[in-house]
Amino acid sequence: MTFTLLLLAVLILGSAAAAALRPNLIHSALLLVVSWLGVAGFYLWAGAEFVAFAQVLVYVGALSMVVLFAVLLTRQSRAELRVDAPAARRVVWAVLAGAAVGGVIGAAVLGTNWGPVAPSAPEVTVRGLGLQLMGAHGAALLVLGALLTSALLGAVVLAAPDRPRKEEGS
Amino acid sequence: MIPAALPPESWLEQAPLLARDAVTGLLPQSWRWLAGSLLEIAALLAGFGLLFAYLTLAERKILGRIQNRPGPNRTGWFGLLQPFADGVKALTKEDLIPDGADRVLHFLAPVVLVAVSLLGFAVLPFGRHLVAVELDAAVLYFFAAGTATELAVFMAGWASRNKYSLLAAMRALAQLISYELPLLLAVVPVVLVTGTLSTTRIVAAQAGWAHGFIPRWHVFTPWGAAGFCLFMVAALAESNRSPFDLPEAESELIAGHLTEYSGFKYALFFMAEYFGMCALSGMAVTLFLGGWGAPAAFLGWIPSYAWFTAKLLVLLLGFIWIRATLPRLRLDQLMRFAWKFLVPLTVLNLANAAGWALTAGWTGPLQLVRWAVALAAVVGPFVVLGRTLSAGTAPRIYRYA
């Protein structure tokens, strides 16, 4: 079990590091997808089947496309896909920002009162998860739904042409 | 593996399990689960590999007969060895890689595509005892595994370093993403009514016969029939089959994102397409056509896997028939069809299924009301949406023809 976790950690961190270091943006995006797959594998390792598949569906299936489309739509040519080594200032700022995020998350993890460990792992079914989501966290789910719907409508409004196009002949 | 529900089990029903146990019985106890899993994988690969081979032959033969020509008939009896000749040809052809291509991604794209398209078979219940992996969230797993095909298509288009490949890959991605939404939304009613994401329990929910002779398959309910049709249309588009095969459109678009592929890599793309088609058809059988269940009680002696295979083959032949019948759509027609027609209909069908589930207790004349309302909720939006969307576009007048 620990060995599997170690392998997964190497996969997640290794592909993430490679994604940050590759000069080619498309390679970075695809390596990021490998990292997300590793996270899904970690969820599977931890016994959270549903979360793992949802992670694959959302991150590997959908978010990867958003990233790739964004890269392709913002670069004019293949030459622009190359990312040169950043200047020292940017490296310093990147490390500082990363350390800040890490600090906040680490403080949150350390500050949490975990409580006593359950004697046996609880059996989590999809049904139980659904009931939890719709019951106790129903309001949050609705807010998220409204947020995503408004984002979708915004995208439609942005993408729609201002004027109706002229009808083609025939 | 689910416990047997029916008391008398014929020897044929048990045959695959007995064969597996006979092989794994030769090994020490601690190795048996591994050998069993490997055997299941080998059986799936061999079975669907052969099905792929003969599906290509059946497609060529049937297309040939529909177009009033014999089809391949020279290799072996009635052309029966044609798939193997095709395989040898694909293996011995030169594997061309463009000079500026990204060699690693160019190689990985077909490999990832085939690997991913095989994953879906793991959760399909092929028979009463035949499901490779029993998962609580099997339906979600199936569609999560399918989403990675989009990445492979992008890799193929981008790594070829060819503007036609890249443009075609973006076009194919737009199609795959657009049709994934109706595909998933068409499945949700089944999950809603059966209350489970497990494929074996969805099949179990469709067991039995209403009035003693009508199978309780989902396709025989109004929402199920609509869901089945919507699912199959979206599945046609997801597996790049005609009339939605414009990502490859070999006659107009020089095979799209496959432009720079040749030899066995090209064959791998087609293998993945057929695997995807088989997996989606198997899912349709599981979700709507009662899975491995027999259509009538007195036919129960025929083993369950034979029924699954028969239903799967009927759907696959339907795919081929549609390819021979319908012309290819244009990209704008394809997009309009997905977003303005399929997505609204699938959402309405979800509401319809919810109503069906809520009125499950109705009996007597109320039963008639239930059916009438559900049928109206299927037919009404279909007619209204279809009429509205096609207004002004049909009938078309060809001035120069």
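Visitor: Is B:Phe78 buried, exposed or partly exposed in this model, and why?

Guide: Keep in mind that this is a predicted model. To read burial, count the neighbours: a residue with 20 or more other C-beta atoms within 10 Å is buried, one with 12 or fewer is exposed, and anything in between is partly exposed. B:Phe78 has 14 other C-beta atoms within 10 Å, so it is partly exposed.

Visitor: Where does B:Phe78 sit along the chain?

Guide: Look in the loop between α2 (32–66) and α3 (82–92) of chain B.

Visitor: What should I make of its backbone, say phi of B:Phe78?

Guide: Start with the general idea: most residues other than glycine have a negative phi. Phi of B:Phe78, though, is near 55°, which is a positive value in a non-glycine residue. You'll find another case at B:Arg161, with phi near 50°. That residue is in the loop between α5 (138–159) and α6 (163–194) of chain B. B:Arg161 has 17 other C-beta atoms within 10 Å, so it counts as partly exposed.

Visitor: On to helices. How do I describe a packed pair?

Guide: You give the angle between the two axes and the distance between them. Try α9 (residues 263–288) and α10 (residues 304–325) of chain B: their axes come within 9 Å and cross at roughly 125°. That angle falls outside the ranges for parallel, antiparallel and perpendicular, so α9(B) and α10(B) are oblique to each other. Their crossing is right-handed.

Visitor: Which residues make the contact between α9(B) and α10(B)?

Guide: From α9(B), they include B:Met277, B:Cys278 and B:Val285, and from α10(B), B:Phe308, B:Leu312 and B:Phe319 are among them. By class, the contact has nine nonpolar residues, two polar and one charged.

Visitor: How is chain B divided into domains?

Guide: Domain 1 covers 34–85 and domain 2 covers 93–353. The C-alpha centres of these two domains of chain B are 19 Å apart. To read the boundary, see who touches whom: eleven residues of domain 1 are in contact with nine of domain 2. On the domain 1 side, nine are nonpolar, none polar and two charged.

Visitor: And how many residues of chain A and chain B are in contact?

Guide: The same reading works between chains. Here 16 residues of chain A are in contact with 17 of chain B. On the chain A side, α2 (25–45) and α3 (49–74) each supply at least two residues. The largest share, eleven residues, comes from α3(A). Sorted by class, the chain A side has eleven nonpolar residues, four polar and one charged.

Definitions and conventions: Residues are numbered from 1 along each chain as its sequence is written. Chains are lettered from A and ligands numbered from 1 in the order in which they are written. This is a predicted model: local features need pLDDT of at least 70, side-chain atom pairs count only at pLDDT 80 or more; totals for chains, interfaces and linings use all residues. Two residues are in contact if their C-beta atoms, placed from the backbone, lie within 7 Å. Helices (H or I, at least four residues) and strands (E, at least two) are DSSP runs, numbered from the N terminus. Ala, Val, Leu, Ile, Met, Phe, Trp, Tyr, Cys and Pro count as nonpolar, Asp, Glu, Lys and Arg as charged, and the others, Gly among them, as polar. Domain bounds come from an automatic or database domain assignment. Axes are lines fitted to C-alpha atoms, for helices over the stretch in contact, and angles run from 0 to 180 degrees between N-to-C directions. Angles under 35 degrees count as roughly parallel, over 145 as roughly antiparallel, 65 to 115 as roughly perpendicular and the rest as oblique. A crossing is left-handed if the near helix is turned anticlockwise from the far one by less than a right angle, and right-handed if clockwise.
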